[in-house]
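Work through the exercises below with the sequence and the coordinates open beside you. Each task is followed by a solution that proceeds step by step.

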Amino acid sequence: MYFLFVFFFLFVFDCRVYLHLIHLLTMKKFMNKEIVQAILIADNNAKNFRPFSETESVALLPMVNVPMLDYALEALNRSGVMEVFIFSSLHYENVKGFINFVYLLGKNVVLLLRESLASPSCWAIGMTVDVIGGEGCRCFGDAMRELDSKGLIRGNFILLDANCVTNADLKFILAQHKKTVAYDKGAVATLIFKQANIHVRTGSEVMIAMDTQNKRLHHYQELSVDSKEINFEIPLEVFTHNSEIALLNLVNPEIAIGSPSMLSLFSDNFDFETRADFIRGILINEEILDSRIYISLLPRQHYARKVNNWLSYQIVSNDIINRWTYPLVPDMGIKCLTQQYIFLKNNIYRSATANLVKVGLRENVVIGNKSAVGLGSHLDCSVIGRNVLIGQNCRLHYVFIFDNVIVEDNCALEFCTIGSCSKIAANCELKGVLVDYNCVIPKNTKLMKSQVFSSPLKNGKDKMRKISEKAYVIDDGAEVADDEDERNHPASPKMGKLTTIIADSDYSCSSDESESRGCSPILDDANGFLSEVIDSLTRGLQEKSNPEYLKLEINSSRYAYNMSLREVNFNVVKAIFNLPPIKEPSRNISVALNTVFDQLKPIITHYIRTDDAMMDCLKALEDIFEENEFVRSRMSQVVHYLYDKDFITEDVILTWYEQLDNDQHKILKQTLQKFIEWLEQSSDGDNEETD
């Protein structure tokens, strides 16, 4: 008995020791895990965004109704970054206040969602963001030296401009940079570029010479905005010392992966003021500094571009609306956790709370929450913020309007940006005009290529003309320069008419893809999502699974494939009609439908609730009509069944039927004709009884 007791005691003791050791090893592994860090540089091109940059950080300017900083932070969040340092010197308090407000929203997310108030940004969940300011920092190099002096960066890091928009997953490039550093200890940075057909220059275009074997950079030259270079001066040794050299014209989004030694190089070399100074300094003094730079080219499906002036602002806004930046598109909820827009054909994004009365929306238009557009107005390639009031008979083309703006009747605006809380009185004509915050433009004003400030500037009052108490105009060519370098620098590109190719995207398709423009999500993603939903529902039908579990599976697949809510509605219906009882049924379609819908009714009612969702359901039936011969001949019974079971309403069915093309859907309309006639007659009968 004594020996049994001793044995039991030793056994328990060994188990506790073993468990303790496992706990220590787990904690050690967790402590040794590298925290992915990133640096964001704000207000690097502030002078190009006057008049707004006089009082606000450029990083906080709205782009398609989302602050530009949110795009950069969301990109970092999607790349697995855990800690971000934003460096801001010009408007430190504004940026700091913005970040603090977002985290305050995050702490009250439950209350906010319940009260239907503002929702926190997605990146605020699981990512730490700190704002750092430095007095006297007036260039990129000063910011890097300030960050080095604080000793905040502990390893390899991602370097990004706060005005950069990208959907690239940077963690793979970070992993490749670590491999490069493993065999070349002198690798200080991997610069990320995007291959693109350059149709118009915005100041982000470069020419590089790169070794195609090891991706090492040997020459770097920024291309001028206002000229087309014919000759390039490249050192002869670039070709004589390297057998595989490629010359490439690229777009520089100003994204990089940096080694810890990158910051110290800025501290040791005070002549490194810009990124270009750093790159040229390393290339010229590679042997002295024992440092090298490598290149990573983003694949075609990844988007990356820096917004460094109004022309690039116009181009990137256009690309976001055209969904080249997917999933960073308006209807995916970049800034918040809830869907803000209804996505319609011709790239029309409309808030459910927007009020439109007989308005012409041509294409590429975004209309924000609680905005109203008056009778007879026409909008094209424009973004309307929240709480904006646009009067009757207005014409807007490439106009970007921030929040709380009033545009009165009969105004014509083209290539304009209108700051928050401004007012454009009736009968105004503005072309190429930038209107500051809180301005009031009087009636019958005509302006072209001007900047309008709400108050006179300290420097340059003599170049300003007053048109109202809250409107001081500086015409193009009379802009105020703060220093000699700015006076000698070429003028920043302005918004204007884009070429046909640029209007779609400056990222051209490859030759075999030129026939069809890419859409979001890409076909493989849509098919992958549909396949997973079919598998989940088939298994659920066979095993009689709890519908709540099936909803969770569908939602997890949705987030894995970045599907919008309307795409989910569409594909869930397609999946249901691809289930075995319906796809390979017996003679009776009603029996097949009852078999499926009796068990999966909670799934249908969960996704098909609104009129838009019902329309998505009927759109899915159009595909089923083409794909399933058995359902094709019984489509009238199918729609009748869905109507009887209250999955879709009479009004939606009639609206859908009217929208069907007489040529393209001729057979489908013939199949449904008798049912539609019956539906209309029963509707008329109900109306007579009511009368």
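Contact here means heavy atoms within 4.5 Å. The model is predicted.

**Exercise 1.** Determine which residues of H19 meet which residues of H21, and describe how the two helices are arranged.

*Solution.* Begin with the residues: from H19, Cys-617, Leu-621 and Phe-625 meet Met-635, Val-638, Val-639 and Leu-642 of H21. Sorted by class, this contact has seven nonpolar residues, with no polar and no charged ones. Next comes the geometry, for which two packed helices are described by the angle between their axes and the distance between the axes. Helix H19 covers residues 611-627 and helix H21 residues 635-644, and they pack at an angle of about 160° with axes 12 Å apart. Since angles over 145 degrees count as roughly antiparallel, H19 and H21 are therefore roughly antiparallel to each other. Finally, the handedness of the H19 and H21 crossing is right-handed.

**Exercise 2.** Establish how far strand E1 is enclosed, and find the bridge partners of Ile-41 in E4 and E6.

*Solution.* First consider the two faces of E1: Gln-37, Ile-39 and Ile-41 point one way, Ala-38 and Leu-40 point the other way, and all are buried. Because five of the five residues of E1 are buried, the strand is largely enclosed by the rest of the structure. Then turn to the pairing, where E1 is joined to E6 in the parallel sense over five bridges, and E1 and E4 also run parallel, joined by five bridges. For Ile-41, the bridge partner in E6 is Asp-161, while the bridge partner in E4 is Phe-87.

**Exercise 3.** Identify the buried residues of helix H5 and some of the elements that cover them.

*Solution.* Within H5 (residues 140-150), the buried residues are Phe-140, Gly-141, Ala-143, Met-144, Arg-145 and Leu-147. Their cover includes strands E1, E4, E5 and E6, together with helices H8 and H9. Following the chain onward, H5 is succeeded by Gly-151, whose phi is positive, near 60°.

**Exercise 4.** Work out the strand order of the open sheet that contains E16 and E28, and decide which strands stand at its edges.

*Solution.* The six strands of this open sheet follow the order E16-E19-E22-E24-E26-E28, and the pairing is parallel. Strands E16 (355-356) and E28 (440-441) stand at the edges, each with a single partner strand, so one side of each is left without a neighbour in the sheet. At the E28 end, two bridges join E26 to E28, and Lys-423 stands opposite Val-440 in E28.

Technical notes:
Residues numbered from 1 in each chain as written. Predicted model: local features only at pLDDT ≥ 70, side-chain atom pairs only at ≥ 80, totals over all residues. Heavy atoms only, no water. Axes fitted to C-alpha atoms, helices over the stretch in contact; angles between N-to-C directions. Helix = DSSP H or I, 4+ residues; strand = E, 2+ residues; numbered from the N terminus. Parallel < 35°, antiparallel > 145°, perpendicular 65-115°, else oblique. Left-handed = near helix turned anticlockwise from the far one by under 90°. Nonpolar A, V, L, I, M, F, W, Y, C, P; charged D, E, K, R; others polar. Buried < 20%, exposed > 50% of the residue type's maximum accessible area, 1.4 Å probe, protein only. Pairing = 2+ DSSP bridges.
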